[in-house]
Amino acid sequence: MTDTRPPAGEPAGLRAPVLEDGEERRGLLGPLAYVVFIAIGSLWMFWFAASLGPAAKAQAEAACRALEPELREGPAPDFTLQDRAGQPVSLADLSGKFVVLNFWATWCEPCIREWPQLDRLAERLEHRDDVVIVAVSVDQDQTLVAPFLARMGLEQTGVRVLWDPTGKLHTAYGSEKLPDTYFVDAAGQLVHAYVNVRDWGRPAAHNCVESMLAR
């Protein structure tokens, strides 16, 4: 019980009430419960956010399964290559973007079939600034590239065309077959490899790339 009686000589109403021990503890329960509630809520949010990572990864893998990817991991081999204007372009220049990296040649018949599909994928993704489609020609003669694109009606393609006459970069990515395609995430890590032709222009391929961006 609270003692509200003033001591002798002290006017009534000027003395703060004195709380007994039990009442003090009950008064502290409110702030303490609030702190505990916040702590539990923070832990739950941390667990929920952590659980989203594997779930998003599993969803992305499921979306790409129809394309039969080969899993890859580790840093993507770096490069600095020339674009069609002769300007250097490096993998570091593409940092922060998801890179669809294709290797091809003008003399490669399967590449000729696949190229319009790459162009279609670039069209589907042109509204996004976090992904880039890159096609690396391994032709020894760079002058063959522009006429090839002209014949295919691809002079204005949204695919970034680079040139590697040595073919060393292609080998560094682990394949000697053409065409093949690699997914490199925004942190520069390899994710998937697709050896041989894929129908990149189909909605399934677009959904695959979109799901990778959502990881």
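Strand β7 is mostly covered in this predicted model, with five of its five residues buried. Both of its faces are covered: D180, Y182 and V184 lie on one side, T181 and F183 lie on the other, and all of these are buried. That split follows a familiar pattern, since side chains in a regular strand alternate between the two faces of the sheet. The neighbours of β7 in the sheet can be named as well. Strand β4 pairs with β7 in the antiparallel sense over five bridges, and within this pairing V99 stands opposite V184 of β7. Strand β8 also pairs with β7 in the antiparallel sense, over five bridges, and here D180 has V195 of β8 as its bridge partner. The hairpin of β7 and β8 has five residues between the strands, and in it G188 takes a positive phi near 80 degrees.

A second hairpin is found with β2 and β3. Strand β2 (residues 80–83) is joined to β3 (residues 88–90) by three bridges, and the two strands run antiparallel. Here Q82 stands opposite P88 in β3. Four residues separate the strands of this hairpin, among which G86 adopts a positive phi near 85 degrees. Strand β2 is also joined to β6, by two bridges in an antiparallel arrangement, with L162 of β6 serving as the bridge partner of D83. L162 appears again in the surroundings of F79: leaving aside neighbours within four places in sequence, F79 is in contact with V89, S90, L91, L94, L101, L162, L169 and Y173.

F79 leads naturally to the nonpolar interior. The largest nonpolar core has 52 residues, and F79, F103, W115, Y173, F183 and V209 are the members that touch the most others. The elements that give two or more residues to this core are the strands β4 (98–104), β5 (131–137), β6 (160–163), β7 (180–184) and β8 (190–195), together with the helices α2 (109–124), α3 (145–151) and α5. F183, one of the residues that touch the most other core members, belongs to the covered strand described at the outset, on the side it shares with T181.

Helix α2 deserves a closer look. A kink of about 30 degrees lies at W115, shortly before the proline P116. W115 is also among the residues that touch the most other members of the largest core. The buried residues of α2 are C111, E114, W115, L118, D119, L121 and A122. Their spacing can be read against helix geometry: an α-helix has 3.6 residues a turn, so residues three or four places apart point the same way. The buried residues of α2 pack against the strands β4, β5, β6 and β7 and against the helices α3 and α5.

Helix α3 contains V145. With a relative accessibility of 5%, V145 counts as buried, because the cut-off for a buried residue is under 20%. Not counting residues up to four places away in sequence, V145 touches W104, T106, S137 and V161. V145 and R84 are 61 residues apart in sequence, yet their C-alpha atoms are 8.4 Å apart in space.

The covalent cross-links complete the picture. The structure holds two disulfides. One joins C64 to C208, with an S to S distance of 2.0 Å. The torsion about this S-S bond is about 95 degrees, so the disulfide of C64 and C208 is right-handed. C64 lies in helix α1 (residues 21–64) and C208 in helix α5 (residues 203–213), so the pair ties together parts that are 144 residues apart in sequence. C64 is buried, with a relative accessible area of 0%, and C208 is likewise buried at 0%. The other disulfide is formed by C108 and C111, whose sulfur atoms are 2.3 Å apart. With 80 degrees about its S-S bond, the link of C108 and C111 is right-handed. C108 and C111 are both buried, and C111 also appears among the buried residues of α2. Taking the bonded cysteines of the chain in sequence order, the pairing is 1-4, 2-3.

Definitions and conventions
Residues numbered from 1 in each chain as written. Predicted model: local features only at pLDDT ≥ 70, side-chain atom pairs only at ≥ 80, totals over all residues. Heavy atoms only, no water. Disulfide = S-S within 2.5 Å. Buried < 20%, exposed > 50% of the residue type's maximum accessible area, 1.4 Å probe, protein only. Core = buried A, V, L, I, M, F, W, Y, C linked by side-chain atoms within 4.5 Å. Contact = heavy atoms within 4.5 Å. Pairing = 2+ DSSP bridges. Bend = angle between axes of the 7 residues up to and from the residue.
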